[in-house]
Amino acid sequence: MGSGHWSTDVYTAAANYRAATGKSAFDYSDSGARHAHPDLDPNGVFMRESRDSSEHPFSTPIAVLFDVTGSMGNVPRVLQTKLPQLLGLLTRKNYAVDPQIMFGAIGDATCDRAPLQVGQFESDNRMDEHLSRIYLEGGGGGQKHESYELALYFMARHTIIDSMVNRGRRGYLFIIGDEMPYPRVKPREVQAVIGDTIKQPIPIEEILTELQRKYEVFYILPTAAGWGGDAEVLARWRGLLGQNVLELDDLDAVCETIALTVGLGEDAIDLDEGIADLEDLGSAAGSSVGRALAPLQRTSVVRDDQFQITAGPGGNQRL
Amino acid sequence: MSTLVGAERRRRHEERTFEDAVAKIQAARTAQDLGGHTYREWAKIVHPDAAAAHRRATATEAFAKLSALYQKTTTSQAKPVFASGDIAEIYADGAALLKVPRNPADNDLMETEAKALQDLRTHGDPRFRAYAPKLIKTYLHEDQEKRRRRVNVLERQRNMLRLDQAGQLKIQDAVWIWRRLLIGIGWAHRAGVVHGAILESHILIHPERRGLVLLDWCYAGHRPRAIVKASEAAYPPEVLHDRTASPATDIYMATGLMTRVIGPSRMPEPLRRFAAGCSYDAPRMRPQDAWELLGEFDELIPENFRN
């Protein structure tokens, strides 16, 4: 009413605003780059590390790798603008303790110049640098397959996460894409892209099992992408990851989806609470995220002091 | 004859006018008391040269008084300074404040402010107008040394307190101030305006009515031309290094401001985390929308604080 005197009713006035961002979020691609930035080149990398430190004693590793091939259309660009806000969202909402985030990109090793790009786990501004240095390939083979298996291989064999080593807590790996992985990790591609020598092809199921010892693995399929909603793609990933396949119909909600998934996994929230969080914002993301995450509601972790765990050597040895 | 009657009537009328004018001038204590006519109109009535011989002495006296009254206003037209800002002196004039830059080289900043306030009027949701002062007018003033200054005339905000003079605030008060701040900047962002200098000295609060007014829009815009030197440490890197500003800049500065206002050691843990998630060096990693952020803020605070 009138001047309203310090009206505070922003929720009815809020809808549909997109902040203008300053400089281009796509510095690296727009500068005419044709291959992976050295910081993101997986070739010769021994380990990407998520470490506990005095500043971040309970690190929670979160890796987000997204498909940058042509079939994804505009999706990678949107992701490159949205994902920088993931850390802040996790921090402000306390969905995860000491989050450390790594970004990367997936292409197609059969034809692309940069089939795999991986940053480092970071808990500060450097993650944004990595993200803006991701080269958006826009290529791909057009046969409904991309080299996801190569990314899974890298994550399984070339990352080390203290949360697992020190606390038995798995990290989170999100793959955002719209196509299927090739059925096997091929020695020739591993050699060319990562620099490892492996004797024989590794079936994707096998590398996934190895990976899942370290990470809770999720596949997010944006319905805005080329093969969005494709039954064959969905069936393939559901076969591999079960309920951890999430369909996302609003790309703007990608950070919220990841954040809530981590929040659920960390038992920091339950789903209803998370969705209510979003709806309180007047965010249109609520229903999209709700649909995407509905399969993930789970029973909560028991936290009490019922029994004492004695420290001592483990009973097995990893090979 | 009718002309004589007319002349006589005119003479009587002039006499009455003259006497009234003299009486008013003698009674006046400032030029403002003489609101009915301009200086020139008064001068015409009581000028000794125009007065009849028998009234000359009275006229001379009244004219002298009139000159003195107006002399006073022109020399101290700038009355006592009402407040001193980073770049401008502010003079009170009834319901208005005149904001005059000390250095004419800062005229561009004054123009920026005028433009920002006009944009807020034109493009901003009118329900939130109370969050910024109203620009009454803006004009170029030239002084005797031919220096031109852009003067912004703003509506005066009564009974308000500058945040930097508010002393130690209770957390409850800090919470409503924080909310109002997010509302104010969110409103501006939607109108396409970035404030660019969210600092203690640029915020007025009305404790009883929980009002907040954001002052000093001189630094507004996506390519800020200047910063408040004394507060350099409060600015995020993109302003200092790249000379760019975005809604995320205001969010960063508002967060820093509220952290200082509450005091980092008094900050409740959820608010501390909230602040940390708004304060990254990279603007892209900060929240981009103040009103959406208000939604998050509201979740952290008890329900009865959300007003």
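The exercises below look at chain B of a predicted model, and each is followed by a worked solution.

**Exercise 1. Determine how far the confidence values support a reading of chain B, and where they are lowest and highest.**

Begin with the average over the chain: the mean pLDDT of chain B is 88, and 94% of its residues reach 70 or more. Next, go through the elements, where confidence is lowest in helix 3 (residues 56-75) of chain B, at a mean of 74, and highest in helix 7 (residues 247-262) of chain B, at 97. Finally, note the scores of the model as a whole, which are ipTM 0.72 and pTM 0.74.

**Exercise 2. Decide whether chain B is a compact globule or more spread out.**

First take stock of the chain, which has 9 helices and 8 strands. The radius of gyration of chain B is 27 Å, whereas the globule rule gives 19 Å for 307 residues; the value for chain B is well over that, and therefore the chain is more spread out than a compact globule. As a further step, consider the C-alpha trace, which spans about 90 × 40 × 35 Å along its principal axes. Of the 307 residues, 48% nevertheless count as buried.

**Exercise 3. Work out the strand order of the open sheet in chain B, and explain why strands 1 and 4 are left without a neighbour on one side.**

The open sheet of chain B consists of 5 strands with antiparallel pairing, and their order is 1-2-3-5-4. Reading this order from end to end places strand 1 (81-84) and strand 4 (135-142) at the edges, where each has a single partner strand, so one side of each lacks a neighbour in the sheet. From one strand to the next, the twist averages 25°. Helix 4 (residues 107-123) of chain B packs on this sheet, where it touches strand 3, strand 4 and strand 5, and its direction makes about 30° with that of strand 5.

**Exercise 4. Locate B:Ala96 and decide whether this residue is buried or exposed.**

B:Ala96 lies in strand 3 of chain B, and this strand (residues 96-101) is joined by 4 bridges to the antiparallel strand 5 (residues 148-155). One pair linking strand 3 and strand 5 is B:Leu97 with its bridge partner B:Leu154. For the accessibility, compare the value with the cut-off: buried means under 20%, and because B:Ala96 has 11% relative accessibility, the residue counts as buried. Beyond its neighbours within four places in sequence, B:Ala96 is in contact with residues including B:Ile136, B:Val153 and B:Leu154.

Conventions. Residues are numbered from 1 along each chain as its sequence is written. Chains are lettered from A and ligands numbered from 1 in the order in which they are written. This is a predicted model: local features need pLDDT of at least 70, side-chain atom pairs count only at pLDDT 80 or more; totals for chains, interfaces and linings use all residues. Side-chain values use heavy atoms; hydrogens and water are left out. Two strands pair if DSSP finds at least two bridges between them. Helices (H or I, at least four residues) and strands (E, at least two) are DSSP runs, numbered from the N terminus. Axes are lines fitted to C-alpha atoms, for helices over the stretch in contact, and angles run from 0 to 180 degrees between N-to-C directions. Contact means heavy atoms within 4.5 Å. The radius of gyration is taken over C-alpha atoms; the globule rule is 2.2 Å times the number of residues to the power 0.38. Buried means under 20% relative accessible area, exposed over 50%, partly exposed in between (1.4 Å probe, protein chains only). pLDDT is the predictor's confidence in each residue, from 0 to 100.
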